[in-house]
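Morning, everyone. I'd like to walk you through one structure today. Please have a look at it first.

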Amino acid sequence: MKKIVLTGGGTAGHVTPNIALLPALREAGYEVSYIGSYDGIEKSLIEAEGVNYYGIATGKLRRYFDWKNLSDPFRVIHGIGEAKKIIRDIKPDILFSKGGFVGVPVVMAAHSCHVPVIIHESDMTPGLANRICLKYARCICCNFPETIQNVPEGKGVLTGTPIREELKNGSADRGFAFTGLTPGKPVILVMGGSQGSVNVNNHVREALPELLKTYQVVHLCGKGHLDDSLNQTEGYRQYEYIRDELPDLYAMASLIISRAGANAICEISTLAIPNLLIPLGSNASRGDQILNAHSFEKQGFSVVLEEDALTKESLITRVNELYQNRNTYIAAMKNSPHTDAIPTIMNLIEKYAR
């Protein structure tokens with residue numbers, strides 16, 4: 001049996017694309033193992049998929065001063081040693097890394113054990129962890145055309161990001177039954193990211209009286225961000241977090257308001273749902289969401305409203321413009337050749353597996 005080790009973690013975004021690959025890997029006859037941190041988010045997510053999971057020591061890569069910066073390099077070195085032992089025991093044919101600081105010691109260990117490495121980079125510019133790992137990779141799967149210019153020459157391949165197959169099988173009827181909304185009126189799905197976004201939440205709620213004249217709103221606002229005073233508002237539904245019903249909410253959505261995290265916008269574009277992106281500002285991140293959003297805008301997939309221009313009025317205006325021109329955006333997304341990443345990535349895995 002062919003063997004593959006997956007790695008990546010630190011956030012759910014560094015794990016869910018790996019999960020999306022699992023059915024194709026199993027169908028192709030691969031025995032799948034996963035190496036991650038001892039107690040990171042990836043552990044529970046991967047074990048729930050019935051995959052053999054191995055924990056190692058990891059150290060977070062920070063761009064700011066923290067006393068842990070002095071000790072974490074030693075944790076990474078220890079993790080490399082642990083990962084080497086696991087890889088020698090498993091004897092995989094290939095390693096696929098989704099990135100994040102969790103993947104650094106695993107990629108280094110695989111390279112030292114002469115196991116071919118494939119890396120996936122979701123954002124337009126590689127993060128610090130993937131920048132460290134690029135030189136060890138046979139190829140780098142890229143989400144954006146612009147990324148290929150930011151990786152070693154000849155290694156970048158435009159693949160897009162794998163998304164879970166179940167997201168394509170949602171039912172609008174089930175979505176309307178779950179929310180109790182009306183099928184005859186367009187629905188805006190608001191997604192602020194896994195933790196929600198206070199700023200986006202506030203502006204959406206300020207705009208509700210005007211938005212609800214034309215649309216219904218399903219608001220995924222993040223843990224702890226519900227507003228009980230709005231519970232009886234006709235045409236408005238709010239949830240902290242949705243998992244199992246998310247495909248059905250996608251299926252019923254006429255348009256989406258979202259942050260511009262790479263995995264989220266790839267799900268949206270693959271499903272060809274017109275979208276307004278409000279990227280997280282550079283004061284709160286390294287600016288990758290701004291770059292992601294404008295790349296999708298350039299490709300004709302999205303409308304972008306940057307956070308410093310976000311007001312109740314600008315939100316309403318952009319939503320109405322997006323809805324009026326929705327068919328143009330749907331056509332651009334459906335015509336994209338990179339809306340199904342899984343077959344492309346599987347071909348690369350087969351190509352480079354020893």
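I'll cover some strand pairings, then a sheet and its helices, then a cavity.

One thing up front: this is a predicted model.

Let's start at the beginning of the chain. Strand 1 covers residues 2–7, and strand 2 covers residues 30–37. They pair in the parallel sense, over six bridges. Take Ile 4 as a landmark: Val 32 in strand 2 stands opposite Ile 4. How does the chain get from strand 1 to strand 2? It crosses through helix 1. That β-α-β crossover is right-handed.

Strand 1 also has strand 4, residues 94–97, as a parallel partner. Four bridges join strand 1 and strand 4. Ile 4 turns up again here, opposite Ile 94 in strand 4. A general reminder: strands of a sheet pair through backbone hydrogen bonds, either parallel or antiparallel.

Now move further along the chain. Here we have an open sheet of six strands. Its order is 10-9-8-11-12-13, and the pairing is parallel. Which strands sit at the edges? Strand 10, at 236–239, and strand 13, at 302–304. Each of these edge strands pairs on one side only. From one strand to the next, the twist averages 20 degrees.

Look at the strand 13 edge. Strand 12, residues 275–277, pairs with strand 13 over three bridges, in the parallel sense. There, Leu 276 has Val 303 of strand 13 as its bridge partner.

Next, the helices on this sheet. Helix 6, residues 172–179, packs on it and touches strand 8, strand 9 and strand 10. The direction of helix 6 makes about 90 degrees with that of strand 10. Helix 7, residues 198–211, lies across strand 8, strand 9 and strand 10 too. Helix 7 runs at about 165 degrees to strand 9.

Last topic: empty space. Rolling a probe the size of a water molecule over the atoms shows where such space is left. How many cavities of 30 Å³ or more does the whole structure have? Two. I'll take the second largest, with about 40 Å³ of space.

Who lines this second largest cavity? Helix 1, at 16–27, and helix 9, at 262–270, each supply at least two residues. The largest share, three residues, comes from helix 1. The lining includes Thr 16, Pro 17 and Ala 20, along with Asn 263 and Glu 267. Thr 161, Pro 162, Ile 163 and Arg 164 are also among the lining residues. By type, the lining divides into four nonpolar, three polar and two charged residues.

That's my tour. Thank you.

Methods
Residues are numbered from 1 along each chain as its sequence is written. This is a predicted model: local features need pLDDT of at least 70, side-chain atom pairs count only at pLDDT 80 or more; totals for chains, interfaces and linings use all residues. Side-chain values use heavy atoms; hydrogens and water are left out. Two strands pair if DSSP finds at least two bridges between them. Axes are lines fitted to C-alpha atoms, for helices over the stretch in contact, and angles run from 0 to 180 degrees between N-to-C directions. Contact means heavy atoms within 4.5 Å. On a 1 Å grid over the protein atoms alone, a cavity is a set of points where a 1.4 Å probe fits but cannot get out, and a pocket is an open set with protein on both sides within 12 Å along at least five of seven lines; lining residues have an atom within 4 Å of a point. Grid points are joined across faces, edges and corners, and a volume is the space filled by probe spheres set on the points. Ala, Val, Leu, Ile, Met, Phe, Trp, Tyr, Cys and Pro count as nonpolar, Asp, Glu, Lys and Arg as charged, and the others, Gly among them, as polar. A crossover is right-handed if, with the strands pointing away from the viewer, the path from the first strand over the helix to the second runs clockwise.
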